[in-house]
Amino acid sequence: MVIKTGAFRVRGFIMALFFLPSIVFFGNTALAFESPFYTDLGQMNYARFLMHGGEYRTAAREFERVIESFPGSPVLVEAQFGLSEAYYMAGLYDKAEVQYRQFVRNFGESPLAGKALVRLDELGWMRVKRLPTIPLPEAPFRQVKGLKAVQVMLFEGRTIEEVEGELKGLGSAGVDTVILRVFHNSGDRFYRFVSPRDKRGVYFNTSSAPVVDDMLSAVLTAAHRQGLKVFAWMTTRYADYGVEDDEDLACTGYDIRSKGFVRCKGLDLFNERAIERLERIYADLAEYEIDGVLFQDDLVLRHSEGFGAHMEALFKKETGVEMDPESLYLRTDGQSVHYTELFWKWASWKNRRLLDVAGRLKEVVAKKRPEARFAINLMYESVTNAPYALAWLSQDLAEAARRDFDYYSIMAYHRQMGTELKRDPEEIRDIIERMVVDASASVGPEKVLIKVQTIDWSSGEALPDDEVAGILKSVRAKESVSLAVVPYRKDLPLKELAGGGSGADAAATSKEEGI
């Protein structure tokens with residue numbers, strides 16, 4: 001699989017994109033496109049990994065994916081039996097019984113058919129003896145308020161007074177939150193009202209990274225004066241500002257084709273020194289009266305990223321396994337590789353490490369800002385295709401849900417999805433609506449933030465207002481979730497898109513450089 005990069009310009013703001021092929025699953029429908037890294041054995045190994053880890057409900061879903069995606073595969077028999085066993089181990093006995101009966105009908109000659117019949121006898125006995133279910137007490141959770149947000153790459157204003165005028169207009173339109181870019185990458189357009197001191201860095205005072213300009217305090221004052229909350233939108237892995245030449249802090253990747261190590265973008269998040277540096281930067285960010293933080297979508301590691309001495313030492317310490325990259329991929333005669341069961345263990349472990357990093361940064365901010373709220377950016381595949389998200393991005397919505405972020409920011413960019421999935425607008429709208437339902441079921445609708453794009457990533461042209469409004473209305477009709485539009489545009493009629501400023505809204509976010 002080739003990762004293709006591109007860029008688009010939003011009124012001078014350049015955003016690099018990485019387009020990844022994907023397969024989206026909903027129920028019995030697979031919206032697939034060919035990928036040399038999505039194979040029957042790789043998917044089967046993921047399901048096995050989940051079973052061995054006791055994640056029975058998730059394993060059931062992944063065995064179903066094997067059956068749906070590879071109906072002629074040699075692993076189909078094991079997948080059908082695995083699905084039955086996953087339901088059984090999860091205590092979903094009615095579903096298990098249905099699957100065991102189907103297995104016996106389809107694969108009566110299999111050696112596993114005898115075990116399926118034994119399970120059916122057990123289930124018959126259990127149906128008679130089954131005890132009533134006692135509900136567990138609900139765990140307490142922190143109440144969060146739905147957001148009507150705009151995610152800002154740039155303001156139009158050339159002075160802070162003009163910017164405050166824009167903020168006033170946002171408040172009048174029913175917006176309640178500004179998600180503000182506080183980092184600056186090479187090639188980004190500078191805010192018009194700042195006096196840049198560096199080509200890369202951050203927009204707040206810190207001694208741990210280059211400071212482009214301390215504009216955060218002025219925007220916070222203006223936004224709070226207009227009754228708006230401000231979330232600081234900040235990088236993590238890509239925040240290597242000022243330490244780009246420190247090889248020990250650099251991320252390491254593995255070239256599967258040549259079997260050699262390569263440098264990859266950003267920091268090595270298995271290096272404790274890199275994490276401590278991020279903690280210092282975020283501690284300085286927390287000196288400002290921010291209302292929350294949005295972790296940028298750079299908190300990912302692709303399927304061939306995250307290697308190096310620091311990872312190897314930590315992986316061995318925590319799992320007892322010596323890391324050899326070649327043990328993660330089973331090569332075929334062609335261009336494909338299968339993911340091994342160890343690969344899925346490693347991908348899941350990487351995901352937990354990234355979430356641990358986010359947790360440490362949350363702690364640092366919360367010490368100074370106990371009322372601050374935290375949102376994490378997630379690609380749409382984290383909802384539509386769990387194994388793809390875990391393999392290619394080291395993202396796992398189920399694991400993230402256990403970390404109790406206040407908002408799970410789903411990047412539901414309809415034009416991008418249409419291009420990647422080769423689906424028409426109506427199909428994409430249906431997919432987004434189902435994403436809203438599924439994400440709400442996973443974390444609760446009050447914690448879901450759906451981000452909708454307002455420009456075409458390829459051309460940089462503004463999307464028609466009614467197109468954006470249509471997506472927003474579709475989302476609002478499914479669940480009462482927070483909404484964001486991407487990116488903030490001064491000419492966007494936010495009140496109309498927000499339903500006249502009622503329960504749901506237009507919030508602005510953007511698919512920033514990274515993925």
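**Charge pairs, a small sheet and helix H8**

Let me start with a single residue: Asp404 is partly exposed, with a relative accessible area of 42%. Before I go on, please keep in mind that what we have on screen is a predicted model, and that each value I quote is computed from that predicted model.

The partner of Asp404 is Lys447, and the two form a salt bridge in which the closest N and O atoms are 2.5 Å apart. This pair links distant parts of the chain, since Asp404 sits in the loop between helix H13 (397-401) and strand S17 (407-411), while Lys447 sits in the loop between helix H15 (425-443) and strand S18 (448-453), 43 residues apart. Elsewhere, salt bridges with shared partners connect Glu55, Asp356, Glu399, Arg402 and Arg403 into one network. Coming back to Lys447, its relative accessible area is 7%, and it counts as buried, whereas Asp404, as I said, is partly exposed.

Across the whole structure the search finds 31 salt bridges, and I would like to look at two others. In one of them, the side chains of Arg200 and Glu244 meet at 2.2 Å, N to O. Arg200 belongs to the loop between strand S7 (183-184) and strand S8 (201-202), and Glu244 to the loop between strand S9 (229-234) and strand S10 (250-255), so this salt bridge ties together parts that are 44 residues apart in sequence. Are these two residues buried or partly exposed? Arg200 has 15% relative accessibility and counts as buried, while Glu244, at 28%, counts as partly exposed.

The other salt bridge is between the side chains of Glu305 and Arg237, at 3.2 Å, N to O. Because Glu305 lies in strand S13 (residues 305-307) and Arg237 in the loop between S9 and S10, the pair ties together parts that are 68 residues apart in sequence. Here both Glu305 and Arg237 are buried.

Strand S13 brings us to the sheet. Three strands, in the order S11-S10-S13, make an open sheet with antiparallel pairing. Its edge strands are S11 (260-267) and S13, each of which pairs on one side only, and the twist from one strand to the next averages 55°. Between S10 and S11, which run antiparallel, there are 6 bridges, and Tyr254, for instance, has Phe261 in S11 as its bridge partner.

I will finish with helix H8, which covers residues 272-285. H8 has 14 residues and reaches 20 Å from its first C-alpha to its last, close to the 20 Å expected at 1.5 Å a residue. Its buried residues, including Ile275, Leu278, Ile281 and Leu285, pack against helix H7 (216-225), S9, S11, strand S12 (292-295) and helix H10 (341-368).

Which side chain of opposite charge is nearest to Arg277, a residue of this helix? That side chain is Asp240, but it is 6.9 Å away, and Arg277 is buried yet has no salt bridge. Leaving aside residues up to four places away in sequence, Arg277 touches Ser208, Ala209, Ala239, Asp240, Tyr241, Val243 and Leu267. Asp240 is thus among the contacts of Arg277, although a salt bridge would need a side-chain nitrogen within 4 Å of a carboxyl oxygen.

Notes: Residues numbered from 1 in each chain as written. Predicted model: local features only at pLDDT ≥ 70, side-chain atom pairs only at ≥ 80, totals over all residues. Heavy atoms only, no water. Helix = DSSP H or I, 4+ residues; strand = E, 2+ residues; numbered from the N terminus. Buried < 20%, exposed > 50% of the residue type's maximum accessible area, 1.4 Å probe, protein only. Pairing = 2+ DSSP bridges. Axes fitted to C-alpha atoms, helices over the stretch in contact; angles between N-to-C directions. Lys, Arg positive; Asp, Glu negative; His and termini not counted. Contact = heavy atoms within 4.5 Å. Expected span 1.5 Å × (residues − 1).
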